[in-house]
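Reader: Got a minute to go through the side-chain contacts in this one with me? I'd like to start with the rings and then move to the charges.

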Amino acid sequence: MTSITLAKANAIIEAAFAKAKDAGLKPLSVVVLDAGGHVTAFQKQDGSSMMRFEIASGKAFGALAVGMGSRKLEAFAKERPHFMEGLSGVTGGKVVPVPGGVLVRAGGQIVGAVGTTGDTSDNDELAAIAGIVAAGFEADGG
């Protein structure tokens, strides 16, 4: 199984920041987690507000926890709020079920996740996907 090296994680972040600059987005914070939910890399742009690490991590962690991008997790949370409440409880409140958490796949296998925050959730997701694809991985955000 392929893993996300530090170099690849940094490439994801760099490309996500480049997408943010090109699109004129607000300052972003981006975290890359490995398949086990451990932080491989995190960076925040100048001007990012506090708690962005926790938000970005929560988006990526939630995607890994249920094996779906956080956009789907958001819809799932609306359909089954009791499940989301339970998931939040067992994870100690780590899950943030809004777009911006994107699974990273290599050859169809989940190798990690990227969480992005700072602009609208839709724009966060676009930046995450751009970073993942630029680093040579498959993005699974939906």
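Author: Sure. One cut-off before we start: two rings of Phe, Tyr or Trp pair if their centres lie within 6.5 Å, and planes over 60 degrees apart count as edge-to-face. Also keep in mind that this is a predicted model.

Reader: Fine. How many aromatic pairs does a search of the whole structure find?

Author: It finds 2. In one of them, F42 and F53 sit edge-to-face, with 4.9 Å from centre to centre and 90 degrees between the planes. That pair links distant parts of the chain, since F42 is in strand β2 (residues 39-44) and F53 is in helix α2 (residues 52-66), 11 residues apart.

Reader: Is F42 buried or exposed?

Author: Something in between: F42 has 28% relative accessibility, so it counts as partly exposed. F53 is partly exposed too, at 33%.

Reader: And what about F76 and F83, how are their planes set?

Author: Their planes are at 75 degrees with the centres 5.2 Å apart, so that pair is edge-to-face. F76 is buried at 18%, while F83 is partly exposed at 31%.

Reader: Switching to charges over rings. Which ring does K94 sit over?

Author: The charged end of K94 is over the ring of F61, 5.0 Å from its centre. There's also K8, which lies over the face of F137 at 5.7 Å from the ring centre.

Reader: OK, salt bridges now. How many turn up in the whole structure?

Author: The search gives 4. Among them is the one between D124 and K59, at 2.9 Å from N to O. D124 belongs to helix α5 (residues 121-134) and K59 to helix α2, so this bridge ties together parts 65 residues apart in sequence.

Reader: Are D124 and K59 buried or exposed?

Author: Both are buried: D124 has 1% relative accessibility and K59 has 2%. The cut-off for buried is under 20%.

Reader: Which residue does R71 meet in a salt bridge?

Author: R71 meets E125, at 2.9 Å from N to O. Here R71 is in helix α3 (residues 70-79) and E125 in helix α5, 54 residues apart. R71 is partly exposed at 30%, whereas E125 is buried at 9%.

Reader: What does R105 bridge to?

Author: R105 pairs with D140, and the closest N and O atoms are 2.9 Å apart. That one links strand β3 (residues 101-106) with strand β5 (residues 138-140), the two residues being 35 apart.

Reader: Last one: which residues do shared partners join into one network?

Author: R71, D122 and E125.

Methods:
Residues are numbered from 1 along each chain as its sequence is written. This is a predicted model: local features need pLDDT of at least 70, side-chain atom pairs count only at pLDDT 80 or more; totals for chains, interfaces and linings use all residues. Side-chain values use heavy atoms; hydrogens and water are left out. Rings of Phe, Tyr and Trp (its six-membered ring) pair if their centres lie within 6.5 Å; planes under 30 degrees apart count as stacked, over 60 as edge-to-face and the rest as tilted. Helices (H or I, at least four residues) and strands (E, at least two) are DSSP runs, numbered from the N terminus. Buried means under 20% relative accessible area, exposed over 50%, partly exposed in between (1.4 Å probe, protein chains only). A charge sits over a ring if NZ of Lys or CZ of Arg is within 6 Å of the ring centre and within 35 degrees of the ring normal. A salt bridge is a side-chain nitrogen of Lys or Arg within 4 Å of a carboxyl oxygen of Asp or Glu.
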